[in-house]
Each structure stands twice: as structure tokens, then as C-alpha cells.
Amino acid sequence: MMTVWVLGLLGCIGPWPSSKAIEEPQVGFLYRGPVNDMGWTMSHEVGRAELEAAIPTASTHVMAGVTPSDAIDVIGRFIENGDNVIVGTSEDFGPALRAAALDHPDVRFLSCGSFDEAANLGSFAGRLYQTKYLAGLLAASSSCTGRIGYVASVSNPESVRQINAFTLGARAIDPNAIVLVSWVGVRWSVDLETAATERLLTAGIDVLTSGTDTAVPIEVANGRAATCGNDEVAVQTIGHGYTGACEGAGAGCLAVTAFEWGPVYVDLLEDMQAGVWVPDGDRWDGVQSTPEQGVVQLASLDPLVATATRVEVEFEAAQLGDTRPLATPFVGPLSDTMGMERVAAEAVLSDVGLRSMCWFVDGVRDVTAPDDPQTSVPAPCSP
């Protein structure tokens with residue numbers, strides 16, 4: 001049975017036998033946001049439920065609304081209650097998980113997105129930037145104005161990487177497309193996400209997506225209109241995080257750039273039960289040619305999307321899964337907004353380069369100064 005504990009929503013170690021089997025995993029999940037955010041946290045909640053369904057001997061519970069400063073205390077309470085596996089579902093929990101792993105060598109720790117590794121600490125992540133590239137193709141194919149909005153959360157390499165991939169996808173369809181970015185400054189806030197979305201709608205975008213933890217931006221844009229020449233058109237949206245993000249977002253929600261964490265959780269816990277788990281700091285899964293097998297995917301594609309667009313997106317997704325390097329779309333030549341070459345012709349950006357990305361590709365503009373490339377430098381951004 002799952003128990004949900006809700007906090008205020010505002011607010012070198014030696015050898016360790018990681019091969020020791022855990023017959024009955026008791027797993028505590030730390031959630032950054034509310035369970036029902038219809039975005040990032042909901043995607044992990046679905047994965048947690050899939051884990052319990054797949055492994056009957058496993059028990060799980062969650063603490064929602066955990067802040068990074070609260071994480072150490074929450075982890076301590078989990079361990080006092082007998083948890084032998086701790087999962088942090090945000091890279092914000094990375095420091096707390098690293099500290100706890102040192103203090104509790106008999107407990108296994110999993111960190112989402114932090115790329116950490118120790119004797120009893122592994123991490124996992126999904127290359128959502130690949131799916132954002134597919135979403136960019138879809139957005140530009142659906143846009144009349146070539147002005148596409150992106151509500152961004154915090155300025156870090158993960159956000160920058162996703163925005164860049166989305167822009168490259170859009171410009172693969174329309175070389176003159178502009179992606180206007182409106183920053184929230186936090187991972188989620190109903191008020192701040194609403195304000196950021198309104199800035200983009202005022203700026204004249206006709207397609208909107210986001211990288212925040214909730215579905216607030218696409219819900220705010222639902223039913224809004226944009227000017228296309230002499231006509232008025234409905235603003236279309238692309239959801240983020242949870243496969244069901246389009247629910248409640250209206251008929252104009254085209255698709256979702258989604259995570260599917262269930263298979264990852266099942267895989268990792270089965271390894272722990274079998275005594276073959278190896279802590280890994282480099283598990284970073286990309287798009288698969290069979291979408292339902294992938295951690296990341298462009299999901300819930302609206303049946304009304306034009307056939308030609310659907311074929312293009314599905315073809316590109318299959319190519320990503322079968323033949324292309326995991327760094328795609330970051331294959332040179334690529335320059336930043338100021339014209340500086342960042343990736344040479346035919347070169348492929350390394351994972352180190354991807355994880356430290358603090359520059360924007362041409363076509364990205366800050367909504368506060370959309371015609372000034374100088375403003376399109378992500379600051380602060382700490383690789």
C-alpha cells in the first residue's frame with residue numbers, strides 16, 4: 001500500500017556489497033512537487049505505481065512537496081521507518097542523497113538526473129532533449145507565425161539543452177522560426193507560470209510548450225487566440241512531463257514530451273532483488289524505435305495532427321531510436337546566438353558537453369528582448 005506524506009507544498013567510501021540481494025524492497029520516494037501536478041511529479045507517481053504492480057514484494061511510499069533543505073530530514077525518517085531503498089526524483093536532491101549514502105552504507109540510493117555514482121548510490125535520467133527536438137518539428141509544422149513560446153523553469157544545462165533541441169527541431173522545418181523563452185525562475189509555481197505564459201501570449205506566439213513541472217502553462221493557453229495574417233487562430237500547445245498532461249488542456253494540445261519511469265524503476269529494483277545491481281552514474285536513456293519501451297517519448301499525439309506532420313515526426317523518432325547518435329540533434333555545425341561556433345561541422349557533442357550546456361543556439365530569444373541575441377544567453381547557468 002502506498003502512503004502519501006505531504007509537506008507544505010510551498011515550501012571515498014569503502015567496498016560495499018551492492019550485490020547483496022534485497023528480497024523485500026521498501027522504497028521511499030522524495031517528490032519535489034505535489035503528486036497531482038499533471039507533470040514531472042505525476043510521471044514519477046505513475047512509475048512508482050507500475051513498480052508496485054510489477055514487484056508484489058515491494059512496498060513504496062512517498063513524501064511530496066519536499067524542498068532540498070528538507071531532504072536530509074526526510075531521508076532520515078524514511079530510513080528510521082525501515083526503508084532500504086531511497087529514490088530522489090529531482091536533481092535538487094543530489095547533495096542530500098550523496099550525504100545520506102555516505103552515512104548509510106547499507107541503504108541503496110537512486111538519484112534522478114544528477115549523474116551521481118558511489119558504492120551505494122546510482123542515478124538515472126532520460127534524454128528528453130531528443131523528444132523536445134521532435135516537439136520542435138511538430139510546433140513549427142503547426143505554426144502560422146513562426147513565433148513559438150517556451151515557458152522555462154530554472155536556468156541550468158537541462159533546461160537550456162531542452163530549449164536548444166526544441167529550437168533545432170523547429171528550425172529544421174522553418175529556418176526562420178523564433179523560440180521565445182519566458183523564465184519562471186523556479187521549477188513550479190502556479191502564479192509565476194501563469195505570468196510567464198501571459199508574457200508569451202502577449203508577444204504573439206501561436207504555439208506554446210513548457211519545461212516546468214506542471215501543466216499550468218498549457219492550461220492557461222487553452223482557448224486563447226493568436227493573429228495569423230488577417231485571421232485569428234487558436235493557440236496550440238505541447239505538454240511536458242506526464243503522458244496525460246493534455247488532459248484538461250483543450251483540443252489544441254498536440255502532444256506531450258513525456259517521461260515513462262515505470263520500466264526504469266522495475267529494472268533497477270529487479271536487479272537489487274537479484275543481487276546484480278551495479279550503481280551507475282551514467283544511465284541516460286534515449287528515444288527508442290519502439291516508443292512504449294522508451295523512458296522518453298513524444299506521447300499522446302493528437303489524431304487531428306496533419307498526416308504529413310505525423311509521418312515526419314514518427315520517421316524522425318524511429319531514426320533517433322535506430323541509427324542516430326545519442327547526442328542528436330547536437331551534431332555540427334552549430335553556433336550560438338552570437339555567432340560563435342560551438343560544435344564543428346560533422347562533430348557530435350559529447351555527453352560532457354551536453355551536461356554543461358550553458359549557451360543557446362541561434363533562434364532562441366528572451367521574451368523581454370526578442371530581437372536582441374545578446375539577451376539570449378542563459379544566465380545564471382551553472383554546469
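**Exercise 1.** Is E45 buried or exposed in this predicted model?

*Solution.* Start with the cut-off: buried means under 20% relative accessible area. E45 has 11% relative accessibility, so E45 counts as buried.

**Exercise 2.** Find the salt-bridge partner of E45, then place the pair in the fold.

*Solution.* Step one: the partner is R48, with the closest N and O atoms 3.1 Å apart. Step two: check the cut-off, which is within 4 Å. Step three: locate the pair. R48 and E45 sit in helix 1 (residues 40-54). They are three residues apart, so about one helical turn separates them. Step four: R48 has 5% relative accessibility and counts as buried.

**Exercise 3.** Analyse the salt bridge between E314 and R310.

*Solution.* First, the distance: 3.9 Å, N to O. Next, the location: both residues lie in helix 9 (residues 307-322). Their spacing is four residues, about one turn of the helix. Last, the exposure. E314 has a relative accessible area of 44% and is partly exposed. R310, at 22%, is partly exposed too.

**Exercise 4.** Which exposure class does each partner of the D336 and R342 salt bridge fall into?

*Solution.* The side chains meet at 3.0 Å, N to O. D336 has 7% relative accessibility, so D336 is buried. R342 has 38%, so R342 is partly exposed.

**Exercise 5.** How many salt bridges does the model contain, and which residues link into a network?

*Solution.* The count comes to 17 salt bridges. R32, E91, D92 and R187 form a linked network of them.

How values were computed
Residues are numbered from 1 along each chain as its sequence is written. This is a predicted model: local features need pLDDT of at least 70, side-chain atom pairs count only at pLDDT 80 or more; totals for chains, interfaces and linings use all residues. Side-chain values use heavy atoms; hydrogens and water are left out. Helices (H or I, at least four residues) and strands (E, at least two) are DSSP runs, numbered from the N terminus. Buried means under 20% relative accessible area, exposed over 50%, partly exposed in between (1.4 Å probe, protein chains only).
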